[in-house]
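This report looks at how one pair of helices is arranged and where the buried side chains lie. The sequence and the structure are shown here first.

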Amino acid sequence: MTNIETIRALLVTEAQTTETLQCLRERNATTDADRQALDAAIDASHKLRAQLRNVYRTLSIQSQASLF
């Protein structure tokens, strides 16, 4: 598996994780503490997604540049 494929797989996993966290927040968060903890986890997941996308873009650019 190449680095780009690994990042792509991580992006899919992150999206699934965020979706799960959002469902948990909507359905199971019964206290403010629960909601705050899940909100923090969702925010961290979004930050991870942004970092993964940046790495993906960088690797894609490097891969394309190596073709020339």
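## Exposure of Ala41

A residue is called buried under 20% relative accessible area, exposed over 50%, and partly exposed in between. The model is predicted, and in it Ala41 has a relative accessibility of 28%, which means that this residue counts as partly exposed. Ala41 is found in helix α2, which runs over residues 32–65. Between Ala41 and Glu14 there are 11 Å in space, C-alpha to C-alpha, and the two are 27 residues apart in sequence.

## Helix α2 and its buried residues

The 34 residues of α2 should span 50 Å at 1.5 Å a residue, and because the end C-alpha atoms of the helix are 49 Å apart, the model agrees with that expectation.

Within α2, the buried residues are Leu38, Ile42, Ser45, Leu52, Leu59 and Ser60, and these buried residues pack against α1, residues 3–28.

## The nonpolar core

In soluble globular proteins, nonpolar side chains tend to be buried together. The largest nonpolar core of this model has five residues, namely Ile4, Ile7, Leu11, Leu52 and Leu59. Each of the helices α1 and α2 supplies at least two residues of this core, while the largest share, three residues, comes from α1.

Ile7 illustrates the contacts involved: when its neighbours within four places in sequence are left aside, Ile7 is in contact with Leu52, Val55, Tyr56 and Leu59. Of these partners, Leu52 and Leu59 are also listed among the buried residues of α2.

Key. Residues numbered from 1 in each chain as written. Predicted model: local features only at pLDDT ≥ 70, side-chain atom pairs only at ≥ 80, totals over all residues. Heavy atoms only, no water. Helix = DSSP H or I, 4+ residues; strand = E, 2+ residues; numbered from the N terminus. Buried < 20%, exposed > 50% of the residue type's maximum accessible area, 1.4 Å probe, protein only. Expected span 1.5 Å × (residues − 1). Contact = heavy atoms within 4.5 Å. Core = buried A, V, L, I, M, F, W, Y, C linked by side-chain atoms within 4.5 Å.
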